[in-house]
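Colleague: Could you take me through this model? I have a few short questions.

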2 protein chains.
Amino acid sequence: MRDHLSSSDSPQVLRGIFAPTLTPVRADLSPDVARWIEFSHRLLENGCHGLCPFGTTSEANSFGLDERMEMLEQLIDAGIPAAQLMPGTGACAIPDTVRLTAHAVKLGCSGVLVLPPFYYKAITDDGLFRAFAEVIERVGDARLRVYLYHIPPVSQVGFSLALIERLIQAYPGVVVGIKDSSADWNNLHALLTTFPGFGIFTGSERFLLQTLRLGGAGSINAVANVIAPLQRRLYEQMQSPEAEGMQEEVNRFRQVYKDLPAIPALKQIMAHLRGDADWRHVRPPFVELSDAQAQGLIANLEASGVALPA
Amino acid sequence: MRDHLSSSDSPQVLRGIFAPTLTPVRADLSPDVARWIEFSHRLLENGCHGLCPFGTTSEANSFGLDERMEMLEQLIDAGIPAAQLMPGTGACAIPDTVRLTAHAVKLGCSGVLVLPPFYYKAITDDGLFRAFAEVIERVGDARLRVYLYHIPPVSQVGFSLALIERLIQAYPGVVVGIKDSSADWNNLHALLTTFPGFGIFTGSERFLLQTLRLGGAGSINAVANVIAPLQRRLYEQMQSPEAEGMQEEVNRFRQVYKDLPAIPALKQIMAHLRGDADWRHVRPPFVELSDAQAQGLIANLEASGVALPA
């Protein structure tokens, strides 16, 4: 089944530690593009192999189609290499997904992370296959590299193994990977063993070491916004005796905000680390943490003993 | 609490039998606008007080932002009175919802049916309030009339009674109604008794008679695409002894496709009634019924004894 796909170290499949970049917004809820660009540069300097702007953690689905395209252009114009970008481009409607995807490919992005259409529920594999086939055919660009975005806890619509196999067989070299944010080790393990060479990214930071050791491509985790240097060390030293300890430190960081909504919590941590309260702003339907929540969070963070970048 | 809202028969609140209009598409998945316009005229002639283009049954979330705006303009240009329209305009991102909503208001639509932002889950009332407040303030048009679209089985994000009260109090005369597609009589009953005079539409056809007798505004049901004349008779004769029998007939029609996906099934019924197989087409992620499903459906329809319009 796999002979039509190139090996896992082919340059066409992205690998490494990717951050679903937080999107700074101003008090008036407009995107703070300058801050976003600076932050993106910092993430790449601090260990990320690449970035996934407009992932779930990026509040992507709270930004309009036009905003997303304009911002992506600004990011690349500011020197973030398109070769290191895998932006989220999946929307509910095929024409909107095609628009975002074609735009990202045209800008040179090495991959796109594509949600399934997520409004309607109880959707069949046939329907999802047809939706992805339409998007791929309409984009019609040989440079297109699709990473399937499997995140049933949020999208409620996901990818079965049978559907993934069908998409790989129909579009070899185009459907090249997946981000598994199911938070289900059994699913991730099944992906890693069923589709060797497929670009499999764990969406759960706690499976990072296991994913790497089983030949996965890497990770796309919210925590990378803060602890990319630690994740990068783990990536580089995954066969060393220290790797388990690094994985435990990653897990410990995630525990810091386990009882809070992840996006407002991560932005609060950024505000704390940068000493800049503007980092707290989130777009509705999210709200900023309360003062009490923020104080508890920072206390947790300091008690965790996790080494944080300056 | 209610004194800032006008009475239930105020012209500012829409009333009656509304259809979430099916959207005909061609084999190439493009919208068949001419057929859609003809069908919309037919629905108004056959008993609908008004139409909700781009509701859930319309496959609204499978149409792109640009498509939706262009189609709405064509519908109104073709003579469908904007005063009888309550299009769906809710998207995940505030800028997209603002764009669709402002456009509909500018075209003269009497109301808009607005989904909450539905990608992110476990959203708080505070966050949803903030999202709706942003939309209303940004549209900034005195003609705006918002109907909240409560459909947790699909959107997974809904409106609590406390949130509804808060929105009504903050935006009296702007937040004027709700479509309750929770399929939960207890919720609908609570709405009808807590918010008398609010424009409450049942999204479940089986609650139509109860909704009307308790002072609700009317209904927005998928079944209206086929049995609007029956629903209209029930509306006109809701106090008569025959009303229960009509409600039973409505319920019997819904049973015809209870085991099938509703949108492909309704389009199959349209294809049957019109003798026109092109009516079957649906956009992905939906798929057309199989031949076996279609045959079973039409057998059910004929066995139901429901009187159908020519």
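Colleague: How many residues of domain 1 of chain A are in contact with domain 2 of chain A?

Modeller: 12 residues of domain 1 of chain A are in contact with 11 residues of domain 2 of chain A. Two residues are in contact if their C-beta atoms, placed from the backbone, lie within 7 Å. This is a predicted model, in which local features need pLDDT of at least 70 and side-chain atom pairs count only at pLDDT 80 or more, while totals for chains, interfaces and linings use all residues. Residues are numbered from 1 along each chain as its sequence is written, and chains are lettered from A and ligands numbered from 1 in the order in which they are written.

Colleague: Where are the bounds of the two domains of chain A?

Modeller: Domain 1 covers 16–241 and domain 2 covers 256–304 in chain A; such bounds come from an automatic or database domain assignment. Their C-alpha centres lie 24 Å apart.

Colleague: And what is on the side of domain 1 that touches domain 2 in chain A?

Modeller: Seven nonpolar, three polar and two charged residues. Here Ala, Val, Leu, Ile, Met, Phe, Trp, Tyr, Cys and Pro count as nonpolar, Asp, Glu, Lys and Arg as charged, and the others, Gly among them, as polar.

Colleague: Changing topic: what rotation superposes chain B on chain A?

Modeller: One of 180°, with 0.0 Å of shift along its axis and an RMSD of 0.0 Å. That is the relation of a two-fold axis. The fit is by least squares on C-alpha atoms of residues with pLDDT of at least 70 in both copies.

Colleague: Which residue of chain B comes closest to the rotation axis?

Modeller: Tyr119(B), with its C-alpha at 3.9 Å. Also, 100% of the interface residues of chain B are interface residues in chain A as well, so the copies meet through the same surface.

Colleague: What about odd backbone geometry, say at Pro285(A)?

Modeller: Pro284(A) and Pro285(A) are joined by a cis peptide bond, with omega about 15°. Pro285(A) sits in the loop between α11 (262–274) and α12 (291–304) of chain A. Helices (H or I, at least four residues) and strands (E, at least two) are DSSP runs, numbered from the N terminus. In chain B, a cis bond joins Pro284(B) and Pro285(B), again with omega about 15°.

Colleague: And Ala122(A), buried or exposed?

Modeller: Ala122(A) is exposed, with 10 other C-beta atoms within 10 Å (20 or more means buried, 12 or fewer exposed, in between partly exposed, with C-beta atoms placed from the backbone). Its phi is positive, near 55°, though it is not a glycine.
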